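Dear colleague,

Here is the structure I said I would pass on. My notes on it follow below.

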Amino acid sequence: MKNKEITLRDPVCGKKINRNKVHATLQYEGITVYLCCPRCQAEFESDPKKYLKKLN
Ligand SMILES: [Zn+2]
């Protein structure tokens, strides 16, 4: 049986992030956002709406 790996996607850089390597988890308007590094976090926070659109 395969283990199902949960892969998260960083909306800023578009990279897939291993769940164990998430830099930051943010809640924004009820949506959970995962960021891979401080730079992506700063970028997301500078314009959250722009990046939230990419999540869908
Ligand atoms: Zn990133």
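Tyr 51 touches Pro 11, Val 12 and Phe 44, leaving aside residues up to four places away in sequence. Please keep in mind that the model is predicted.

Tyr 51 also belongs to the largest nonpolar core, which has 8 residues in all. Val 12 and Phe 44 are in this core as well, together with Val 33, Tyr 34, Leu 35, Cys 36 and Cys 40. Strand E4, residues 31–35, and helix H1 each supply at least two residues of the core. The largest share comes from E4, with 3 residues.

On the chain as a whole: its secondary structure comes to 2 helices and 4 strands. From the N terminus on, the order of the elements is β-β-β-β-α-α. The chain has 56 residues, of which 18% count as buried. Among contacts in the chain with a separation of 6 or more, 35% are between residues 24 or more positions apart.

One residue of H1 I looked at separately is Glu 43; the helix spans residues 38–46. Is Glu 43 buried or partly exposed? Glu 43 has 18 C-beta neighbours inside 10 Å, and a residue needs 20 or more to be buried, so Glu 43 counts as partly exposed. Its C-alpha lies 7.1 Å from that of Val 12, although the two residues are 31 apart in sequence. Val 12 is thus a residue to look at from two sides: Tyr 51 touches Val 12, and the C-alpha distance given above links Val 12 to Glu 43.

Regards

Key
Residues are numbered from 1 along each chain as its sequence is written. This is a predicted model: local features need pLDDT of at least 70, side-chain atom pairs count only at pLDDT 80 or more; totals for chains, interfaces and linings use all residues. A residue is buried if 20 or more other C-beta atoms lie within 10 Å of its own, exposed if 12 or fewer, and partly exposed in between; C-beta atoms are placed from the backbone. Two residues are in contact if their C-beta atoms, placed from the backbone, lie within 7 Å. A nonpolar core is a set of buried Ala, Val, Leu, Ile, Met, Phe, Trp, Tyr and Cys residues joined through C-beta atoms within 7 Å.
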